[in-house]
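Got your viewer open? Let's take a walk through this one, stop by stop.

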Amino acid sequence: MTTGNALRPIQEAIPADRQGAKRHYGVHPYFTRRPFNVVRDYITHYSKEGDRVLDPFGGSGVTAIEAFLENRTGIQNDINPLANFIAAGIANLAQGNSTEYRGALAELEDRCAQTLRKIESASNETLAAIEQQLTLPRNISLPSSADVDQYLDLFSRRQILSLAVLKRGVDELCAGPARQAMLLAWSATLTKLNKTFLSAEGRAESRGGSSIFSIYRYKIAKHPIELPAWSTFKERALNVIDAKAEIDKAIELKRKTSGWRGLFEVYEKDVDDLDGELEGKIDYIFTDPPYGGHISYLDLSILWNNWLGQTPSIKSRERELIVGGDLNHSESLYMARLRDSVAACVRMLKRSGWLSVVFQHWKIGYFEAILTGAAEAGAELKAAISQVGDPIWSMHKKKGNQSVLAGELILTFHKTGKPRRVDSGGRLDVETTVQRLLESYSDVLYGEQLFNQLVVEAWNASAIASLDISKDGFARMLEQFGWRYDDERHFWARKSKRIDAPTLWSPRP
Ligand SMILES: C[S@@+](CC[C@H](N)C(=O)[O-])C[C@H]1O[C@@H](n2cnc3c(N)ncnc32)[C@H](O)[C@@H]1O
């Protein structure tokens with residue numbers, strides 16, 4: 001691979017590899033996890049072994065973990081302690097050996113399984129006696145959008161006692177990597193043993209997930225299910241042990257080929273504060289900032305953060321980069337801070353470093369913030385790739401119609417070190433531009449891809465500030481130009497053509 005100016009940016013979408021999704025990312029759920037193979041391909045393209053690769057909005061750590069496993073220094077940062085707990089929890093599976101992990105699980109079985117079975121059918125008096133011996137988490141207020149007011153209302157009595165028995169068991173294990181791994185399994189169990197757990201219809205009771213991840217709020221199930229605590233935990237713990245085996249294998253392979261020198265660092269800072277520490281020190285950034293008001297990460301992570309004793313401070317909550325949430329963050333502040341955080345990313349890069357920002361939204365102002373932040377800090381847009389049409393994209397599309405934006409745009413910038421004042425005086429004739437772009441498509445196209453192209457055209461014409469198009473306006477325009485939306489296959493097709501074959505990945509200009 002060549003570096004610096006000679007590097008040719010990635011110009012093609014990379015299909016998400018769902019089949020090969022590694023088990024290590026499955027050990028604990030988090031919001032909007034990026035497909036690991038896409039992240040890995042970007043990392044190996046834009047950086048080399050030994051480089052420092054950062055994700056300042058790291059979430060569950062896909063960027064830093066892939067970088068670590070690819071012999072780079074993977075740097076994870078997130079303002080949310082839960083995100084860092086998961087990311088570091090997965091990376092730390094490289095420590096210790098599997099025998100110790102299995103030993104820890106066996107020890108927990110000896111200490112807890114019998115009590116957990118007893119709790120399943122115990123009388124109220126017995127439950128009260130068990131409760132006396134346990135430490136329960138603090139009962140704090142939940143966000144106003146939750147169905148219940150208080151933390152402890154999220155659990156049935158059997159659920160909270162079972163989780164407390166398991167937590168005590170984990171805390172009593174010898175300190176070290178095996179205990180950390182069991183804590184990760186315990187935290188994944190917490191996701192299932194509470195009243196927000198919704199069983200998937202037509203599947204085994206234990207299949208399903210928390211409403212926190214599906215509708216992004218604490219919705220209590222109409223008929224809450226109480227899964228058996230020991231087998232639920234054991235399944236999660238075995239997943240963690242399998243994940244460890246997979247990570248060990250990846251590292252062993254590296255050791256035998258190029259030698260192993262992956263490193264992993266974690267920060268828990270607001271992205272703007274990270275800048276002071278890492279300015280000019282990073283080779284590549286791959287990041288996925290919050291998309292406006294979809295998800296209030298800190299509010300939704302209270303379930304885990306409270307019991308893990310890592311509640312974020314009010315200052316962190318105020319600095320969260322979102323619209324809305326319990327603190328009612330304003331959209332104008334979000335846009336200003338989105339621009340500033342992209343500028344901070346550019347400052348953290350070494351001269352000639354690369355930055356990839358993953359984003360998708362109907363609001364053009366959000367894209368404008370990202371593009372302006374990068375340009376004003378001294379980075380030039382080199383590629384804009386729409387990741388659409390693959391199986392993950394179509395799964396999201398099934399949730400709605402043409403107005404649902406799935407997939408994402410990966411904007412890649414190269415640091416030039418020459419800040420540029422953004423001229424926003426240009427004008428773009430939207431209809432003419434859309435018509436011209438449409439001519440480059442044969443019979444079918446993905447709406448997101450066309451929309452993203454329009455955003456980039458407006459940016460290049462210094463007209464992004466004046467680009468005003470709504471999702472309905474966009475759909476109407478396509479219809480006027482002779483295209484129809486295919487509700488089943490989620491693409492637009494020329495009205496004059498019959499498209500018979502199911503299409504994935506084929507629509508290309
Ligand atoms: C879209 S998610 C990233 C998901 C990640 N790409 C993954 O694959 O798991 C955005 C993340 O930004 C974090 N975040 C929000 N505001 C932040 C801030 N001011 N500084 C750092 N992280 C922040 C959220 O906690 C959340 O984990």
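In which sense do S10 and strand S12 pair, and over how many bridges? Select residues 491–494 for strand S12, then add S10: the two run in the antiparallel sense, joined over 2 bridges. Before going on, note that this is a predicted model, where local features need pLDDT of at least 70, side-chain atom pairs count only at pLDDT 80 or more, and totals for chains, interfaces and linings use all residues. Residues are numbered from 1 along each chain as its sequence is written.

A word on terms: helices (H or I, at least four residues) and strands (E, at least two) are DSSP runs, numbered from the N terminus. Two strands pair if DSSP finds at least two bridges between them.

Stay here and show Leu445, which sits opposite Trp492 in S12. Now bring up the rest of this open sheet: 3 strands in the order S10-S12-S11, with antiparallel pairing. Its edges are strand S10 (444–445) and strand S11 (483–486), each pairing on one side only.

Next, the other sheet. This open one has 7 strands, ordered S5-S2-S1-S6-S7-S9-S8, and the pairing is mixed. Strand S5 (263–267) and strand S8 (379–387) are the edge strands, each with pairing on one side only. Neighbouring strands here are turned by 15 degrees against each other on average, direction ignored (axes are lines fitted to C-alpha atoms, for helices over the stretch in contact, and angles run from 0 to 180 degrees between N-to-C directions).

Zoom in on strand S6 (residues 282–287) and strand S7 (residues 349–359), which run parallel and share 5 bridges. Pick Thr287 and you'll find its bridge partner in S7, Val357. Then colour helix H1 (residues 36–46): this helix packs on the sheet, touching strand S1 (52–55), S6, S7 and S8, and its direction makes about 160 degrees with that of S6. Contact means C-beta atoms, placed from the backbone, within 7 Å.

Off to helix H5 (residues 124–132), home of Leu127. Leu127 counts as partly exposed because it has 16 C-beta neighbours inside 10 Å (20 or more would be buried, 12 or fewer exposed). Leaving out residues up to four places away in sequence, Leu127 touches Ile119, Ala122, Arg157 and Leu161. Try a C-alpha to C-alpha distance to Arg158, too: 7.8 Å from Leu127, with their positions 31 residues apart in sequence.

Last stop, the ligand. Of the 22 residues around it (C-beta within 6 Å), Phe57, Gly59, Asn80, Asp288 and Tyr297 come nearest.

Methods:
Two residues are in contact if their C-beta atoms, placed from the backbone, lie within 7 Å.
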